[in-house]
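Please open the model in your viewer and keep the selection tool at hand. The stops below are meant to be taken in order.

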Amino acid sequence: MSKTSIYIPENESLKQVDFETSQPESISVLQQIADTVTTQYFFFKTKAGKVDVEYIDVKDWIDEARAKDCKLSYSHQYKVPESLERGNTKTIPTIEYQTGSIRDDFDFGALVLVKTEALKNFLEQCKANYIYAAWYSFRLWCTRSAMPFRFSAASYVYHEPDKRVSGQKQFDYVDARNRERQIEMEQAATHHLSEIGALVKPPFQTVNFNEQKFDVEATVIIPVLNRVKTIGQAIDSVLKQKTSFNFNVIVVDNYSSDGTSELIKQYTSNEVVHHIPSEEGLGIGGCWNEGVNHPNCGRFSVQLDSDDLYLNEHTLQSVVDKFYEEKCAMVIGSYRMVNYNLEEIPPGIIDHREWTDENGPNNALRINGLGAPRAFFTPIIRQISFPNVSYGEDYAVALAISRTYKIGRIYEPVYLCRRWEQNTDSDLSIDKINAHNTYKDSLRTREIEIRKSLLS
């Protein structure tokens, strides 16, 4: 058994009420809360871990939410670094909620202020008996009439029990142990997209692979900046590929200064193109644009990160075969998580089996990534183009492609994703995490608005 906790403001104090349950995220728990609370507002605790909160600290928050007649509101929070006392807290900022903040892991902090009437109205019309997605469905329902209000001050202290760094947490959503929960989350997100007029459905537009002539069938594109320790292995894993077609490699060297450039030059040949952009400071997306628009780029553009490897010599053939089998504009594979020495590490294989041809393009708006390696029919990716950023550039183009074209999936691992201390997302600060999440939410916001306009 676990518990779901709420805090009820009454008589200028906060009364904590705990609900013992084996299903803390269920409709039944929300119904118990609705039957218990008699005040206009209450605080819902969204996370495990201890919360220190006093009425005097949240009074202004409650007053402002009441004045704005908010269904949902949230605030910044204080966090106590390990082994420090309350007086040594630091502020952990939350980010602004927007239309595209529909991912189920949006971080409101540990407390959300809920209008009791809104919860009761939601429960009266909700037809799904959610076990895991009740809270998620409720907050999506609230946003269909107004965005949640973010109070400007930090209002409580949260003791975070999960001490893992960001790079270890980011794959929790694809953990196979959470599969039932993810299915419900997808159902709630799909219903929400349908309600706001942004739900796309097949059949999708077909592609003509013979619309242009290419000298090679496939090109592996490797953007790189200062990866002297790994770039050689990456290139070698491409050159070992056994295929029924011709292919090449374009290494987009983003002005490396650690010996990477010199190492790439040792590989330069008809099969390996060492390309240095005309301008410095490009993001990964800008480097991808350089690669796909290069005159040596082939019919299909296939991704390989500079610190990753293809699993075996059949990866490239598998990817190209999938294009022709499914007549799709993009192919996404599956990968195995490994350490620097290529030994498997948790969570192991990431295969994104939540994807379906019917609903994958919609569920893509709920999750933070779609898998690897990613490959594109070159004429289409040239039309769409990557945003010139170093985070979310692949997600941006995948969303754009999925609204119109079919995406093919390979569910067996064909790629080794190496996690080591030089990964750019191995241990991010809260400011960097917030910047990343704000950017991806903005991509979703834009995509939702585009889909709504196309469907109207």
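The tour visits one helix, one of its residues, and two helix pairs.

Before selecting anything, note that this is a predicted model, in which local features need pLDDT of at least 70 and side-chain atom pairs count only at pLDDT 80 or more, while totals for chains, interfaces and linings use all residues. Residues are numbered from 1 along each chain as its sequence is written, and side-chain values use heavy atoms, with hydrogens and water left out.

Select residues 134-143 to begin, which form helix α4; helices (H or I, at least four residues) and strands (E, at least two) are DSSP runs, numbered from the N terminus. This helix is mostly covered, since 10 of its 10 residues are buried, where buried means under 20% relative accessible area, exposed over 50% and partly exposed in between, with a 1.4 Å probe and protein chains only. Among the elements that the buried residues of α4 pack against are α1, α3, α6 and the strand β5 (72-79).

Now narrow the selection to T143, which lies in α4 and is buried, with a relative accessible area of 9%. Its side chain reaches the backbone oxygen of L140 at 2.7 Å, and, leaving aside residues up to four places away in sequence, T143 touches Y97, P148 and H192 (contact means heavy atoms within 4.5 Å).

Next, add helix α6, residues 179-195, to α4. Two packed helices are described by the angle between their axes and the distance between the axes. Here the angle is about 15° and the axes are 9 Å apart, which makes α4 roughly parallel to α6; angles under 35 degrees count as roughly parallel, over 145 as roughly antiparallel, 65 to 115 as roughly perpendicular and the rest as oblique. To see where they meet, show Y136, S137, L140 and T143 in α4 together with M185, A188, A189 and H192 in α6. By class, this contact of α4 with α6 has 5 nonpolar, 3 polar and no charged residues.

For the last stop, select helix α1 (residues 27-36) and helix α3 (residues 116-125), whose axes come within 10 Å and cross at roughly 135°. That angle makes α1 oblique to α3. At this meeting, I27, L30, Q31, I33 and A34 in α1 face L119, K120, F122 and L123 in α3 as contact partners, and by class the contact has 7 nonpolar, 1 polar and 1 charged residues.

Note on methods: Axes are lines fitted to C-alpha atoms, for helices over the stretch in contact, and angles run from 0 to 180 degrees between N-to-C directions. Ala, Val, Leu, Ile, Met, Phe, Trp, Tyr, Cys and Pro count as nonpolar, Asp, Glu, Lys and Arg as charged, and the others, Gly among them, as polar. A polar contact is a pair of N or O atoms within 3.5 Å; within protein, one must be able to donate a hydrogen and the other to accept it, and residues adjacent in sequence count only if both atoms are side-chain atoms.
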